[in-house]
Amino acid sequence: MSLDPLAKRLLTMMAAAGPRAEGRPSVEARRQSLAKLMQFARVDAPDVTSRDGMLPGRAGELPYRLYTPANADEQAPGFVFFHGGGLVAGGVATHDRIAAALAHATGCRLVSVEYRLAPEHKFPAAIDDAIAATEWVAREAASLGIDADRLVVGGDSAGATLAAIVCQEAAQTAGLAIAAQCLICPVLDFEETSPSREAFAEGHLIDRVTIEADLSDYLPDGIDTADPRVSPLRATRLTGLPTAIIHTAEHDPMRDEGNAYARKLLAAGVAVEHVCHDGMVHNFHAMGAILPQAQLVLSQIGEQVRRAVAR
């Protein structure tokens with residue numbers, strides 16, 4: 001299917017906003033760009049309240065924001081959420097609207113985690129933080145108003161990378177039970193260049209130069225990109241992973257790896273609900289001020305998560 005007209009308009013607006021910088025973007029420019037982009041998010045969650053706190057990470061405390069929908073049960077399902085941004089940008093603040101919308105749609109108490117970013121903190125800092133945060137939420141579930149037996153781990157873009165890795169690691173570790181994983185436009189493979197990465201390398205919200213810059217900032221020298229902690233698609237042990245809810249976009253450079261992961265999980269006997277959204281681009285779910293499909297996909301994710309954690 002061709003690019004959705006409204007998505008095309010969005011890309012045209014972004015191209016007209018300013019000339020593309022020569023060479024790779026600086027880290028500061030990357031962070032500012034994401035912050036501006038996330039202003040297109042839309043919140044239809046008037047009933048969600050939030051409070052901020054700190055949780056123990058492996059190298060110090062990490063900020064988090066807990067979102068609670070109105071009429072949530074005393075022990076509601078929980079959702080540990082990791083924001084996107086290439087592991088170099090983003091945070092609780094940039095993804096506030098999306099986190100609130102997901103809490104509203106899913107009925108979960110959602111914990112949005114401010115993990116450490118590269119290049120200040122390179123691999124595996126973000127992974128260590130994501131695992132520590134998930135373990136803490138599971139351990140402190142009762143005090144957070146969360147039912148530890150109904151815990152979802154998810155994220156968007158690079159946050160989905162972390163969610164997939166957490167689930168893979170948890171499957172090998174006794175004592176941490178995850179009911180479902182929710183991966184939105186996930187980044188899952190840096191070992192091979194897929195056809196979608198080639199086809200949409202330029203002019204589709206996130207380009208090849210930015211992706212390569214993020215990876216360079218994140219990975220120390222000598223790290224194998226086939227390591228499943230870098231490229232979760234490359235994992236060979238997928239049996240027993242939590243139910244997967246995966247949403248990809250037709251015109252996203254990362255489309256093929258998300259689609260491939262859905263197929264691999266199914267082949268491993270994992271329950272999967274996968275939708276590839278026609279005409280959409282990377283991060284479309286966070287563009288609700290422009291794209292009506294953003295609200296539709298969030299509602300769909302809400303229904304899927306509610307089914308996955310239903311008693």
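Let us start with a charge over a ring: Arg197 lies over the face of Phe190, 4.8 Å from the ring centre. Keep in mind as you look that this is a predicted model. Arg197 also brings us to helix α7, which spans residues 195–199 and is part of what covers the buried residues of α8.

Helix α8 itself runs from residue 208 to 218. Its buried residues are Thr210, Ile211, Ala213, Asp214, Leu215, Asp217 and Tyr218. Besides α7, their cover includes α2 (27–37) and α4 (125–139).

Helix α4 leads us on to the aromatic rings. A pair of such rings is described by how far apart the centres are and by the angle of the planes. The structure holds 4 aromatic pairs. One of them joins Tyr64 and Trp136, and it is tilted, with 5.2 Å from centre to centre and 50° between the planes. Because Tyr64 belongs to strand β2 (residues 60–68) and Trp136 to helix α4, this pair ties together parts that are 72 residues apart in sequence. Are these two rings buried or exposed? Tyr64 is buried, with a relative accessible area of 6%, and Trp136 counts as buried too, at 10%.

Another of the pairs is made by Phe82 and Tyr115, this time edge-to-face: the centres are 6.5 Å apart and the planes meet at 65°. Phe82 sits in strand β3 (residues 76–82) and Tyr115 in the loop between β4 (109–113) and α4, so parts 33 residues apart in sequence are tied together here. Both Phe82 and Tyr115 are buried.

The strands just named belong to an open sheet. In what order do its 8 strands lie? Reading across, you find β1-β2-β4-β3-β5-β6-β7-β8, with mixed pairing. At the edges are β1 (49–57) and β8 (272–277), each of which pairs on one side only. From one strand to its neighbour, the sheet turns by 20° on average, direction ignored.

Now follow the sheet to its β8 edge. Strand β7 (residues 243–249) runs parallel to β8, and 6 bridges join the two. Within this pairing, His247 has Val275 of β8 as its bridge partner.

Finally, look at the helices that lie against the strands. Helix α3 (residues 96–106) packs on the sheet and touches β2, β3 and β4, with its direction at about 50° to that of β2. Helix α9 (residues 255–267) packs on the sheet as well, touching β6 (180–184), β7 and β8. The direction of α9 makes about 155° with that of β7.

Definitions and conventions
Residues numbered from 1 in each chain as written. Predicted model: local features only at pLDDT ≥ 70, side-chain atom pairs only at ≥ 80, totals over all residues. Heavy atoms only, no water. Buried < 20%, exposed > 50% of the residue type's maximum accessible area, 1.4 Å probe, protein only. Helix = DSSP H or I, 4+ residues; strand = E, 2+ residues; numbered from the N terminus. Contact = heavy atoms within 4.5 Å. Phe/Tyr/Trp six-rings, centres within 6.5 Å; stacked < 30°, edge-to-face > 60°. Lys NZ or Arg CZ within 6 Å of the ring centre and 35° of its normal. Pairing = 2+ DSSP bridges. Axes fitted to C-alpha atoms, helices over the stretch in contact; angles between N-to-C directions.
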